[in-house]
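Please open the model in your viewer and keep the sequence beside it, so that each selection can be followed in both places. The tour goes from one selection to the next.

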Amino acid sequence: MPLDPLAKRLLTMMAAAGSQARSRPSVEARRQSLAKLMQFVRADAPDVTTSDGVLPGPAGALPYRLYSPASAGEHAPGFVFFHGGGLVAGSIATHDRIAAALAHATGCRLVSVDYRLAPEHQFPAAVDDAIAATEWVAREAASLGIDAERLVVGGDSAGATLAAIVCQEAAQSAGLSIVAQCLICPVLDFEETSPSREEFAEGHLIDRVTIEADLADYLPEGLDAADPRISPLRATRLAGLPTAIIHTAEFDPMRDEGNAYARKLLAAGVAVEHVCHDGMVHNFHAMGAILPQAQLVLSQIGEQVRRAVEK
């Protein structure tokens, strides 16, 4: 299908507001850009209350925000959420409305985690934080009002990278029960440049320059990008992973890797619900002020997660 007309209008506006020659953005510019983009979120969550806290991370306390929908019982399903932003930007504040909307749609008590960001904290800091946060939520589930046997791990964009890695790591260890992974516009492969990364390298919300800058800030020199803790698509042991809910977008540079991960999981015998959204761009789920499809996909995710946690 062609690019959605409303998405096309957004991209045209962004191109007009930007500079003609794209150079590597500074870290601060990257963070400000994401914060501005996330102002396009329009998602209803009237029944969700929040409380803030800190959890013990491998290098110190990590802030988190707990979202509780009114429909949640004493021990509701849990959803550990990691925000996007290329592992250099984003926070529980930038993704507050998305996290609340996911809690509302899924009926889960959702824990949004402020993991450490690069370049101040390079790989594997974010991965270590994500694993530690998920383990903590599982241990403290009762005090959080969460059923530890009905735990979902998810995220959007680079947050989905972390969610996929957490699930792969958990599958190799005992004691952590994750029933589903929810990956929204996931970034899964830094080893090879897919056709969609080439085709949509410019002018499709997130461009090649930004992607390369994020990776350079995140990854210390000399590390192998094919390491599954960097590129989870490259993992070879996928059998036994939790049910996967994967949403990709037709005009997203990361489309092909998300689609490929869905196929690999299916081939490994993992239950997969995958939708590639026609005409949509990266991060479309967070642009409800412009794209009606955003609210639709959040509702769809809610239905999929509810089915997964009730099995």
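How many strands form the open sheet, and in what order do they lie? In this predicted model, the open sheet is formed by 8 strands, which follow the order β1-β2-β4-β3-β5-β6-β7-β8, and their pairing is mixed. Select residues 48–57 for β1 and residues 272–277 for β8, and you will have the edge strands, each of which pairs on one side only. If you look along the sheet from one strand to its neighbour, you can follow a turn of 20 degrees on average, with direction ignored.

Next, select strand β5, residues 146–156, together with strand β6, residues 180–184, which pair in the parallel sense over 5 bridges. Within this selection, pick out G154 and look across to β6, where C182 stands opposite.

Now add the helices that lie against the strands, beginning with helix α3, residues 96–106, which lies across β1, β2 (60–69), β3 (76–82) and β4 (109–113). The direction of α3 runs at about 45 degrees to β2. Then select helix α9, residues 255–267, which packs on the sheet and touches β6, β7 (243–249) and β8. The direction of α9 makes about 155 degrees with that of β7.

For the next stop, show helix α4 (residues 125–139) and helix α6 (residues 158–171), whose axes come within 9 Å and cross at roughly 60 degrees. This crossing of α4 and α6 is right-handed. Which residues meet here, on the side of α4 and on the side of α6? From α4 you can select A126, V127, A130, I131 and T134, and from α6 the residues that they meet, L162, I165, V166 and E169. Coloured by class, the contact of α4 with α6 shows 7 nonpolar, 1 polar and 1 charged residues.

Keep α6 in view for the last stop, a cavity search, in which the structure turns out to hold 1 cavity of 30 Å³ or more. The largest cavity has a volume of about 140 Å³. To find this cavity, select G86, A158, V187, F190 and D214, which lie nearest its centre among the 14 residues that line it. Both α6 and α8 (208–218) supply at least two residues each to this lining, and the largest share, 4 residues, comes from α8. When you colour the lining of the largest cavity by class, you will find 9 nonpolar, 3 polar and 2 charged residues.

Key
Residues numbered from 1 in each chain as written. Predicted model: local features only at pLDDT ≥ 70, side-chain atom pairs only at ≥ 80, totals over all residues. Heavy atoms only, no water. Axes fitted to C-alpha atoms, helices over the stretch in contact; angles between N-to-C directions. Left-handed = near helix turned anticlockwise from the far one by under 90°. Contact = heavy atoms within 4.5 Å. Nonpolar A, V, L, I, M, F, W, Y, C, P; charged D, E, K, R; others polar. Pairing = 2+ DSSP bridges. 1 Å grid on protein atoms, 1.4 Å probe; cavity = no way out; pocket = protein on both sides within 12 Å on 5 of 7 lines; lining within 4 Å. Points joined across faces, edges and corners; volume = space filled by probe spheres on them.
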